[in-house]
Amino acid sequence: MANGSGAEKQIATPSSGRVEGGLAGKTTIDDGVVAKIAGIAAREVTGVYALGGGATRVVGAIRDALNSTDLGQGISVEVGEKQVAVDVTVMAEYPVSLQKVADDVRAAIYRAMQELVGMEVAEVNVTVNDVHIPSDDDDEERSQEARVR
C-alpha cells in the first residue's frame, strides 16, 4: 500500500462527459490527500488517543512540537481508478470497547472517502496496537516534576 508520506501517486477521477454549465475535465487527487482525509476522520472518533505505531508516534510527537502535524500518520492507502483501500493503526483510550472504536473508525473513514473523495471503499482495515492509560502520563509528569525541583 502507498503511504501518504512516501512517494505520491495521483488518482484521476474522470468526469462523465459534460456537466452543468458545459464544464468537462478530470480531477486528480494525490494519495497523500486521501491519507490525510482518512487520518482526520479517524482522529475525530471518540476513543482514539493517537494514530500510528510506537516509532511513528514518537516522530509525530516531535512534529507536533514543531507545529507540523502529519495528519496522514498511521494511515496507508491504496487507490485504484474507482476504489480505495485504507489501513489505519490506532492507539485506543482506556477503558473503551476496542471493537466499538475499530467499528467507529471504519465507519468514519468509509463516510469520508465516499463523501469527500467520491470513491467507493473496497476495505478499511483497523489495527489497534496499543491502549493509552491516563495514569501512565500522570506518573511521567510526577517524576519529571520531582527532577526539576
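What share of the 149 residues of the protein count as buried? In this predicted model, the figure comes out at 33%. As for the surface, the accessible area of the protein adds up to about 9,200 Å², and carbon and sulfur atoms hold 50% of that.

On to the layout. The protein is built from four helices and seven strands. Read from the N terminus, these elements follow the order β-β-β-α-β-α-β-β-α-β-α. Contacts across the sequence feature heavily here: taking the contacts with a separation of 6 or more, 67% link residues that sit 24 or more positions apart.

How far the model can be trusted depends on where one looks. Mean pLDDT for the protein is 82, with 68% of the residues reaching 70 or more. Among the elements, helix H3, spanning residues 98-117, gets the highest mean pLDDT, at 97. Strand E1, made up of residues 2-3, sits at the other end with the lowest mean, 50. Where pLDDT is low, the predicted coordinates are not something to read in detail.

One residue worth a look is His-132. It lies in strand E7, which covers residues 120-132. With a relative accessibility of 10%, His-132 falls under the 20% cut-off and therefore counts as buried. The side chain of His-132 also has a partner: a polar contact of 3.4 Å connects it to the side chain of Tyr-49. Put together, His-132 is a buried residue of strand E7 whose side chain makes a polar contact with that of Tyr-49.

Definitions and conventions: Residues are numbered from 1 along each chain as its sequence is written. This is a predicted model: local features need pLDDT of at least 70, side-chain atom pairs count only at pLDDT 80 or more; totals for chains, interfaces and linings use all residues. Side-chain values use heavy atoms; hydrogens and water are left out. Helices (H or I, at least four residues) and strands (E, at least two) are DSSP runs, numbered from the N terminus. Buried means under 20% relative accessible area, exposed over 50%, partly exposed in between (1.4 Å probe, protein chains only). Contact means heavy atoms within 4.5 Å. Accessible areas come from the Shrake-Rupley method with a 1.4 Å probe; for residues, only the protein chains shown count as cover. pLDDT is the predictor's confidence in each residue, from 0 to 100. A polar contact is a pair of N or O atoms within 3.5 Å; within protein, one must be able to donate a hydrogen and the other to accept it, and residues adjacent in sequence count only if both atoms are side-chain atoms.
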